[in-house]
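Reader: Before I rely on the labels attached to this model, I would like to see how each of them is justified.

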Amino acid sequence: MYKYLYIYNYSPHEQGLCEMEFRQIFHTQMKSKYYFTNQLFDYTRSVFIKGRLDILQSSQDFEDIVTYVNQAKMCYYDFKVIYLKNEITHVHYQETIENCKRVALPIDGSVNMQNPKVVFAITKIEDTWYFGIYHDEVNWSDHYEKPHSYSHSLNLRDARTIVNIAVGNDLSLKVIDPCCGVGTVVLEALSMGIDIEGYDINRYVSYQARLNLEHYGYDPLVIQKRDMLTIDKKYDVTIIDIPYGVYSPFSYEQQLELLKGTLSLAPKLLLVSHIPMNQELEAMGYNILDQAMIKKGNFQRYMTLCFQKAI
């Protein structure tokens with residue numbers, strides 16, 4: 001029996017990025033929005049995961065679920081039982097209500113439908129019923145309200161996903177964002193407990209980035225004003241949203257110079273670019289590991305994960 005069910009949701013233009021994150025976290029291809037696994041993952045890291053069901057019992061016969069709850073002799077105060085709808089199997093509303101009642105009745109304690117401390121959930125996917133404890137807390141959405149931002153900056157959802165792609169399951173990696181702008185990537189990494197440092201060559205922008213970190217209680221000195229080509233420290237992963245001259249000229253040659261500068265920072269690179277740069281990366285000595293593209297309207301970004309070739 002699987003231990004966990006992760007429930008995904010994403011908009012059409014985010015699907016490629018969601019699937020890329022999924023591959024780096026679970027090391028397999030994403031086949032649906034409902035993923036069963038024995039791997040425990042902090043689902044709050046992903047903006048695409050609506051919730052996680054910690055599975056206590058599963059069966060093709062719902063009576064087995066009821067029997068399990070009766071025999072488990074549970075006691076919880078302020079709990080509720082819900083039915084999780086899914087896009088695979090439709091169960092009539094009245095049946096979901098009756099099944100929730102049958103599961104809730106044997107549980108001792110008290111029901112609290114408005115502010116439960118524990119949420120039990122049942123769902124049916126294909127021919128199998130699942131019962132367990134459901135988690136759907138979100139602890140990152142308040143970062144939408146950071147004091148300083150720019151219209152061309154990475155949005156919070158993309159930034160958080162990029163961090164997940166860059167580090168995968170290893171939160172101990174040391175990360176650098178050498179063109180951090182107002183610090184959206186840095187902020188999301190810090191919220192996950194990741195050791196990250198940010199730099200930006202623009203004095204005013206780096207100052208705004210420090211104000212953003214300070215606003216959320218993080219050490220503002222994590223971000224410094226500095227030209228990335230002068231950084232001599234070593235990291236495990238570089239995340240770089242390559243500048244492309246939105247408000248000031250920035251040539252293709254300058255982009256290549258910054259990309260070459262990443263070679264001395266870390267062996268692993270997550271590049272965000274407005275055009276595909278696979279040929280340039282491979283010519284510099286990188287192997288392309290994974291890639292996704294986000295397109296919304298006329299605007300597009302390429303997310304490319306790569307690793308330096310062995311010498």
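Author: What follows is a short exchange about a predicted model, in which labels are set against their cut-offs.

Reader: Why is the pair of Phe22 and Phe26 called tilted?

Author: The ring centres of Phe22 and Phe26 are 5.0 Å apart and their planes meet at 45°; because rings pair within 6.5 Å, and planes that are neither under 30 degrees nor over 60 degrees apart count as tilted, the label follows. Phe22 and Phe26 both belong to helix H1 (residues 15–26), and since they are four residues apart there, about one helical turn separates them.

Reader: What makes the pair of Phe22 and Tyr35 edge-to-face?

Author: Here the centres lie 4.8 Å from each other, with 80° between the planes, and an angle over 60 degrees counts as edge-to-face. This pair links distant parts of the chain, with Phe22 in helix H1 and Tyr35 in strand E2 (residues 34–37), 13 residues apart.

Reader: Why do Phe22 and Tyr35 count as buried?

Author: Buried means under 20% relative accessible area; Phe22, at 1%, therefore counts as buried, and Tyr35, at 19%, is therefore buried as well.

Reader: How do you know that Lys33 lies over the face of Tyr10?

Author: Lys33 is placed at 4.9 Å from the ring centre of Tyr10, and the cut-off for that distance is 6 Å, with a further condition of within 35 degrees of the ring normal; Lys33 is listed as lying over the face.

Reader: Which residues do ring pairs link into a cluster?

Author: The cluster consists of Tyr4, Tyr6, Tyr8, Phe22, Phe26, Tyr35 and Phe41, and the structure holds 16 aromatic pairs.

Terms used:
Residues are numbered from 1 along each chain as its sequence is written. This is a predicted model: local features need pLDDT of at least 70, side-chain atom pairs count only at pLDDT 80 or more; totals for chains, interfaces and linings use all residues. Side-chain values use heavy atoms; hydrogens and water are left out. Rings of Phe, Tyr and Trp (its six-membered ring) pair if their centres lie within 6.5 Å; planes under 30 degrees apart count as stacked, over 60 as edge-to-face and the rest as tilted. Helices (H or I, at least four residues) and strands (E, at least two) are DSSP runs, numbered from the N terminus. Buried means under 20% relative accessible area, exposed over 50%, partly exposed in between (1.4 Å probe, protein chains only).
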